[in-house]
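Work through the exercises below with the sequence and the model open. Each task is followed by a solution in steps.

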Amino acid sequence: MRMSQVLQRLHGEHERSGPRPRLMHRFEPFLPVTAATPRLTLGEGATPLVHARNLGRTIGAPLLYLKLEGMNPTGSFKDRGMFLAVAKAMEEGAKAIICASTGNTSASAAAYGAAAGLEGDRKSTRLNSSHVKRSRMPS
């Protein structure tokens, strides 16, 4: 089976499984959240596990599974922490966010900042990010 077929199949399974649970709600007992922390989410987390049979056999770990973190809203595991960073900034009264990165961190910060209605330098983030990342960012 080709990788594109695998991804299509996983996407179809994901679509049929319904909405993903909110990461903050799932791990709230372990996170520094209070009643005042906004429950910000773009649907991060709950990325699928894929059985890596061939790789697992090769390295002697036949039950090896890999997470498809590219299924997060901006295609990065960085979303797992950014939802909380932006929510805590909002809780503290922040009106804007800034991020010194041209990669996954800035893409995630731009997406969560935009979702929260915070000001940010989305223009330079868009200019300095790959076309794949730009396609996932809000305008």
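**Exercise 1. Which residues of α5 are buried?**

Solution. The model is predicted: local features need pLDDT of at least 70, side-chain atom pairs count only at pLDDT 80 or more, and totals for chains, interfaces and linings use all residues. Residues are numbered from 1 along each chain as its sequence is written, and side-chain values use heavy atoms, with hydrogens and water left out.

Step 1. Locate the helix. Helices (H or I, at least four residues) and strands (E, at least two) are DSSP runs numbered from the N terminus. Helix α5 covers residues 104-116, 13 residues in total.

Step 2. Apply the cut-offs. Buried means under 20% relative accessible area, exposed over 50%, and partly exposed in between (1.4 Å probe, protein chains only). The buried residues of α5 are S106, A107, S108, A109, A110, A111, Y112 and G113.

Step 3. Check the span. From first C-alpha to last, α5 reaches 18 Å, close to the expected 18 Å at 1.5 Å a residue; the expected span is 1.5 Å times one less than the number of residues.

Step 4. Look past the end. G117 follows α5 and has a positive phi, near 80 degrees.

**Exercise 2. Describe how α4 and α5 pack.**

Solution. Step 1. Two packed helices are described by the angle between their axes and the distance between the axes. Axes are lines fitted to C-alpha atoms, for helices over the stretch in contact, and angles run from 0 to 180 degrees between N-to-C directions.

Step 2. For α4 and α5 the angle is about 45 degrees and the axes are 9 Å apart. That makes α4 oblique to α5: under 35 degrees counts as roughly parallel, over 145 as roughly antiparallel, 65 to 115 as roughly perpendicular, and the rest as oblique.

Step 3. List the contact residues (contact means heavy atoms within 4.5 Å). From α4 they are D79, M82, F83, V86 and M90, and from α5 they are T105, S108, A109, Y112, G113 and A116.

Step 4. Follow A116, which lies in α5. Not counting residues up to four places away in sequence, A116 touches L40, V86 and M90. Its C-alpha is 9.7 Å from that of F83, 33 residues away along the chain.

**Exercise 3. Which helices each supply at least two residues of the largest nonpolar core?**

Solution. Step 1. A nonpolar core is a set of buried Ala, Val, Leu, Ile, Met, Phe, Trp, Tyr and Cys residues joined through side-chain atoms within 4.5 Å. The largest one has 13 residues, and those with the most contacts inside it are M24, L40, M82, F83, L84, V86 and Y112.

Step 2. Helices α2 (23-27), α4 (79-91) and α5 each supply at least two of its residues. The largest share, 5 residues, comes from α4.

Step 3. Take V86 as one of the listed residues. Leaving aside neighbours within four places in sequence, V86 contacts L40, I97, Y112, G113, A116 and L118.

**Exercise 4. Compare A35 with A46.**

Solution. Step 1. A35 is in the loop between α2 and β1, and A46 is in the loop between α2 and β1 (49-51).

Step 2. A35 is exposed, with a relative accessible area of 82%, whereas A46 is partly exposed at 31%.

Step 3. Phi of A46 is positive, near 55 degrees, in a residue other than glycine. A35 and E91 are 56 residues apart in sequence, with 9.8 Å between their C-alpha atoms.
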